[in-house]
Amino acid sequence: MITFRADDGTLLARYGGGGEGVPLVCVAGGPFQDSRYLGGLGGLDGRREVVRFDLRGSGASAVPEDRPGSYRCDRLVADVEALRRDLGVERLDLLGHSAGANLAALYAARHPERVRRLVLVTPGVAAVGIDTAPEERLAAAHLRAGEPWFAEAYAALEEVTAGRGGPESFGRVAPFFHGTWDGAARERHAASQRERNGEAAAAYAAEGAFDPAATRAALAVFPGRVLVVAGEGDANTPPPSAAAYADLFPRGELAVLPGGGHFPWHDDAEWFAGTVGAFLG
């Protein structure tokens, strides 16, 4: 672990860096989950220099004095830029997972000259204002109809997509985030609940965090190549929403992992590392 300072003095933690070539900076989801869950991204770290960092208030990064104000997504763009300067590079490759894709997109919109290639993995779509229809989520989930837990989880997802679901319903849909709902997936899900800053997460998308029209306009002229990665069975970011995201870019591409969930590097590490690694070059 290496520490660096944000513009407001908050001490942030990063992992990796110092190698040759363009680093791949990875923005974790959650939002505000300890970045350790990204691990080596299915072996992608064996192909590229992977740099992950903990957002302020998460993992090993310090809690900022200005909170919860500085937890807002648009204000975190400056932290990514501080990381780039700390790495001493003019340009970077940028990967955002889930909610972290919102921050990656905002950074690319604000600093397009600093991003060589952009990878959005099962991305959150709030920053660009894509509406995911309930039918899309239910269709992705229905691919798991043969699983013993399906009936209970699907009923909960119907409640959630209809706007009637409470915390208990959200908890029961967890299997639809994973390509395989086994013991390892259950352990990862439990860890994600422990290793997340709830206060920060609540402020991430606060009023003013996103301006979808402005972000779409900026991304419509983004010069670099963009890869959107989706899981066929991901009820959070179904393939149609991922395809709509890729279409926002002049050079957007879509890759869908058959049977994959919200964490595709766990579902098929070889496919994920190979697909993303080939895209990055």
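This briefing covers the nonpolar cores, the largest pocket and the aromatic pairs of the structure above. The model is predicted, so local features need pLDDT of at least 70 and side-chain atom pairs count only at pLDDT 80 or more, while totals for chains, interfaces and linings use all residues. Residues are numbered from 1 along each chain as its sequence is written, and side-chain values use heavy atoms, with hydrogens and water left out.

**Nonpolar cores**
- The largest nonpolar core (buried Ala, Val, Leu, Ile, Met, Phe, Trp, Tyr and Cys residues joined through side-chain atoms within 4.5 Å; buried means under 20% relative accessible area with a 1.4 Å probe, protein chains only) has 50 residues, and those with the most contacts inside it are Leu94, Leu103, Leu118, Tyr245 and Phe249.
- Helix 2 (residues 100-110) gives the most to this core, with 7 residues; helices are DSSP runs of H or I with at least four residues, and strands are E runs of at least two, numbered from the N terminus.
- A second, separate core of 21 residues includes Ala28, Leu38, Leu41 and Leu280.

**Aromatic pairs**
- The structure holds 11 aromatic pairs, in which ring centres of Phe, Tyr or Trp (its six-membered ring) lie within 6.5 Å, with planes under 30 degrees apart counted as stacked, over 60 as edge-to-face and the rest as tilted.
- Phe32 and Tyr204 pair edge-to-face, at 5.7 Å centre to centre and 90 degrees between the planes.
- Because Phe32 lies in the loop between strand 3 (24-27) and strand 4 (50-54) and Tyr204 in helix 7, this pair ties together parts that are 172 residues apart in sequence.
- Both Phe32 and Tyr204 are buried.
- Tyr37, Phe263, Trp265 and Phe272 form one aromatic cluster.
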